[in-house]
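Me: Please choose one part of this model and take me through it closely. I would also like to know how the rest of the chain is laid out. Keep the sentences short.

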Amino acid sequence: SYNYMDVGIASTLLFVYPILVALIMWIVFKEKLTLPTILCILLALGGIGLLYKSGDGSTLSLTGIILVMVSALSYAIYIVGVNQSTLKNLATLPLTFYVLLFGLVLFWVRVDFGQSLHVADTWYLWGNLIALAIFPTAISFLCTTQAIQYIGSTPTAILGALEPLTAVFFGVVVFGESLTLRLGCGMLMIILAVTLIIAGGNVTIYLVRFRKLFPRLPIKRKK
């Protein structure tokens with residue numbers, strides 16, 4: 001979806017996955033849908049409506065919107081699936097291994113079984129790849145787990161809703177994307193809806209369990 005729309009808008013749309021989790025729990029598992037949850041869903045839909053046009057006034061790509069919503073839906077299905085099946089009884093590290101292995105298989109198919117895979121040929125591209133593996137992946141997972149241990153599950157989940165703001169900041173500052181008042185209001189509505197639904201609903205349980213799929217490696221402490 002990043003190929004079809006601004007980074008900040010795509011990242012904000014992706015972050016509707018907690019609301020999709022709530023909808024799945026309501027439709028499939030008959031979990032009670034409260035009035036605050038309904039209001040949050042309407043708030044998020046209103047925010048998405050404001051994001052329908054980009055900063056220069058042009059209509060967003062329908063392909064980009066569909067791709068990012070499919071991504072959010074698959075993310076929500078994964079979170080619910082892990083916590084509503086026998087997978088929740090599987091040890092964390094083996095489960096993480098199988099998830100990454102499945103992702104590797106999909107990636108291998110996506111690059112035509114290696115035919116369209118391009119190996120980085122300059123030092124700065126390798127530096128980008130290493131940084132991508134370390135900072136937004138390894139360090140992010142470790143810090144999230146640390147945050148849950150220090151400040152609890154709900155504050156961590158709520159602070160995680162600041163992720164789209166980070167994407168918007170770097171999109172505007174680094175990539176020169178435009179940010180209008182309408183787009184800002186739309187993003188704020190979506191982030192507010194996600195924050196409220198995480199803070200006030202049972203969806204917190206499933207989001208936190210998902211976060212725990214990426215714990216710190218066990219380290220023996222000296223007594």
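Reply: Read from start to end, the chain follows the pattern α-α-α-α-α-α-α-α-α-α. That comes to 10 helices and 0 strands. The model is a predicted one. The chain has 223 residues, and 31% of them are buried. Now take the contacts between residues at least 6 apart in sequence: 79% of them join residues at least 24 apart.

The part to look at closely is where helix α1 meets helix α8. Helix α1 covers residues 7–14, and helix α8 covers residues 163–173. Their axes lie 8 Å apart. The angle between the two helices is about 170°. How are α1 and α8 oriented to each other? An angle over 145 degrees counts as roughly antiparallel. The two helices are therefore roughly antiparallel.

Which residues make this contact? From α1 come Val7, Gly8, Ser11 and Thr12. From α8 come Pro164, Ala167 and Val168. Sort the residues of this contact by type, and you get 4 nonpolar, 3 polar and no charged.

Start with threonine 12, which sits in helix α1. Is threonine 12 buried or exposed? Its relative accessible area is 0%. Buried means under 20%, so threonine 12 counts as buried. Set aside its neighbours within four places in sequence, and look at what threonine 12 touches. Two of its partners are Pro164 and Val168, both on the α8 side of the helix contact. The other partners of threonine 12 are Leu51, Met187 and Ile190.

Next comes serine 11, also placed in helix α1. Its relative accessible area is 9%, so serine 11 is buried as well. Leave out residues up to four places away in sequence, and serine 11 touches Tyr2, Pro164 and Ala167. Here too, Pro164 and Ala167 belong to the α8 side. With tyrosine 2 there is also a polar contact. The side chains of serine 11 and tyrosine 2 are joined by it at 3.0 Å.

Now cross to α8. Glutamate 163 belongs to this helix. It has a relative accessible area of 45% and is therefore partly exposed. Compare its position with that of glycine 8. In sequence, glutamate 163 and glycine 8 are 155 residues apart. In space, their C-alpha atoms are 9.7 Å apart. Glycine 8 is one of the α1 residues in the helix contact.

A second pair links positions that are separated along the chain. Leucine 192 is found in helix α9, residues 181–200. At 41% relative accessibility, leucine 192 counts as partly exposed. Leucine 162 is 30 residues away from leucine 192 along the chain, and their C-alpha atoms are separated by 9.9 Å.

With that part in view, turn to other helices. Helix α2 runs over residues 17–27 and is mostly covered. Of its 11 residues, 8 are buried. They are Tyr17, Pro18, Ile19, Leu20, Val21, Ala22, Ile24 and Met25.

Helix α4 takes up residues 62–83, which makes 22 residues. How far should α4 span? At 1.5 Å a residue, the expected span is 32 Å. The C-alpha atoms at its ends are 32 Å apart, so the two values agree. Serine 61 caps the N-terminal end of α4. A side-chain oxygen of serine 61 lies 3.3 Å from the backbone nitrogen of threonine 63. Which residues of α4 are buried? They are Gly64, Ile65, Val68, Ala72, Ala76, Ile79, Val80, Val82 and Asn83.

Last, look at a loop. It lies between α5 (92–110) and α6 (123–151), and it holds aspartate 112. Phenylalanine 113 is found in the loop between α5 and α6 too. What is the phi of aspartate 112? It is positive, at about 55°, although the residue is not a glycine. Phenylalanine 113 also has a positive phi of about 55°, and it is not a glycine either. Their accessibility is worth checking. Aspartate 112 has a relative accessible area of 45% and is therefore partly exposed. Phenylalanine 113 stands at 55% relative accessibility, so it counts as exposed.

Note on methods
Residues numbered from 1 in each chain as written. Predicted model: local features only at pLDDT ≥ 70, side-chain atom pairs only at ≥ 80, totals over all residues. Heavy atoms only, no water. Axes fitted to C-alpha atoms, helices over the stretch in contact; angles between N-to-C directions. Helix = DSSP H or I, 4+ residues; strand = E, 2+ residues; numbered from the N terminus. Parallel < 35°, antiparallel > 145°, perpendicular 65-115°, else oblique. Contact = heavy atoms within 4.5 Å. Nonpolar A, V, L, I, M, F, W, Y, C, P; charged D, E, K, R; others polar. Expected span 1.5 Å × (residues − 1). Buried < 20%, exposed > 50% of the residue type's maximum accessible area, 1.4 Å probe, protein only. Polar contact = N/O pair within 3.5 Å; in protein donor to acceptor, adjacent residues only side chain to side chain.
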